[in-house]
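Here are a few worked exercises to try with the structure open in your viewer. Have a go at each task before you read the solution.

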Amino acid sequence: EITLRIYPLPEAVSAAICSFSSIENAVHTVIQTIQMGIPIARVELVDVNSVRMVNAYSKLSLREEPMLLMEFHGSPTGVKEQAEMVQDIAHEFGGNAFEWAERPEDRTRLFTARHNAYFAAVSSVPGCRCITTDACVPISRLADALLECVTEADASGIPYFLVGHVGDGNFHFGYLIDPDNDTQRQQAEQLNHTLVARAIALGGTCTGEHGIGIHKQGFLLEEAGAGAVQMMRAIKQALDPKNILNPGKIFQLQ
């Protein structure tokens, strides 16, 4: 017997964008919002590089500063209270240019920057390839993780963009490299390795949402340890003795 549960859509949905003079101020706004228990449904970070790329790609005129994109769900009164509390927190950290939207088409327009970030980025450097990262840290350590990664990416000279589901502590850097430039590729891979090592050291994980796959098998060992990975192998061998279910992903059996 299967029981289906139907969850009603929220009575009210409101979205907002807010710009900041620095990533640090944007992230501290998120940290304080989460730590105060304000039930924000969605909060995304878009760095200034992403905003510039999206403006060029989608012919928008977004303020070229780090930006938070937020969404609130609930009753009309609850949504209004949530939004006002977050707006007050953002103002404490220099947030400006708040723009609110309640109609679905207006909310979609506000989130265009986030949705188009990858395509805008690869279009900004003709012929490039994008090496993407995916890590997650506790909300309280988000500023520590992001600011050092930004400093390192800036110092590398490689074009990059940063976006993240920062309400979950999850973020992504995309390094835009010349596929024929081995030095750039090695630099980008080193930036990725440093980013993951930092996330793990801060109590986070090497993958926020994209999984281990092939590329992160070494990172899994660093995070979980050889003993835990060996236990995973034992479970895999017990359930899939012929190794026919997506072989070679997450870890090697030998």
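**Exercise 1. Work out why cysteine 149 is too far from the closest cysteine sulfur for a bond.**

Step 1: Keep in mind that this is a predicted model. Find the sulfur of cysteine 149 and look for its closest cysteine sulfur, which sits in cysteine 136.

Step 2: The gap is 13 Å. A disulfide needs two cysteine sulfur atoms within 2.5 Å, so cysteine 149 is too far away to bond with cysteine 136.

Step 3: Try cysteine 130 as well. Its sulfur has the one in cysteine 128 as its closest cysteine sulfur, but 6.8 Å is also too far for a bond.

Step 4: Add up the disulfides by this rule and you get 0.

Step 5: Check the surroundings of these two cysteines. Cysteine 149 is buried, at 3% relative accessibility, and cysteine 130 is buried too, at 18%. The cut-off for buried is under 20%.

**Exercise 2. Describe how helix α7 packs against helix α8.**

Step 1: Pick out the two helices: α7 covers residues 142–156 and α8 covers residues 182–201.

Step 2: You want two numbers here, because a packed pair of helices is described by the angle between the axes and the distance between them. For α7 and α8 the angle is about 165 degrees and the axes are 10 Å apart.

Step 3: Turn the angle into words. Angles over 145 degrees count as roughly antiparallel, so that is the label for α7 and α8.

Step 4: Add the handedness: α7 crosses α8 in a right-handed way.

Step 5: List who touches whom. From α7 come Asp144, Ala145, Glu148, Cys149, Glu152, Ala153 and Ser156, and they meet Gln187, Leu191, Thr194, Leu195 and Arg198 of α8. Sorted by type, the residues of this contact are 5 nonpolar, 3 polar and 4 charged. Cys149, which turned up in Exercise 1, is one of the α7 residues here.

**Exercise 3. Is threonine 29 buried or exposed, and what is it in contact with?**

Step 1: Locate threonine 29 in helix α1, residues 23–35.

Step 2: Its relative accessible area is 1%, so threonine 29 is buried.

Step 3: Skip the neighbours within four places in sequence, and the contacts of threonine 29 are Phe20, Leu68, Ile89, Ala90 and Phe93.

Step 4: Repeat the routine for glutamine 82, which is in helix α3, residues 76–92. Glutamine 82 counts as buried, at 9% relative accessibility. Leaving out neighbours within four places again, glutamine 82 is in contact with Ile38, Pro39, Phe72 and His73.

**Exercise 4. Where is lysine 59 found, and what is its phi?**

Step 1: Look in the loop between α2 (48–58) and β3 (67–74), and there is lysine 59.

Step 2: Read off phi: lysine 59 comes in near 55 degrees, a positive value in a residue that isn't glycine.

Step 3: Check the accessibility. Lysine 59 has a relative accessible area of 71%, so it is exposed.

Step 4: Now take alanine 97, in strand β4 (residues 96–101). Alanine 97 isn't a glycine either, yet its phi is positive, at about 55 degrees. At 40% relative accessibility, alanine 97 is partly exposed.

**Exercise 5. How many helices and strands does the protein have?**

Step 1: Count 10 helices and 8 strands.

Step 2: Put a frame around them: the C-alpha atoms fill a box of roughly 55 × 55 × 30 Å along the principal axes.

Step 3: Finish with burial, where 45% of the 254 residues count as buried.

Definitions and conventions: Residues numbered from 1 in each chain as written. Predicted model: local features only at pLDDT ≥ 70, side-chain atom pairs only at ≥ 80, totals over all residues. Heavy atoms only, no water. Buried < 20%, exposed > 50% of the residue type's maximum accessible area, 1.4 Å probe, protein only. Helix = DSSP H or I, 4+ residues; strand = E, 2+ residues; numbered from the N terminus. Axes fitted to C-alpha atoms, helices over the stretch in contact; angles between N-to-C directions. Parallel < 35°, antiparallel > 145°, perpendicular 65-115°, else oblique. Left-handed = near helix turned anticlockwise from the far one by under 90°. Contact = heavy atoms within 4.5 Å. Nonpolar A, V, L, I, M, F, W, Y, C, P; charged D, E, K, R; others polar.
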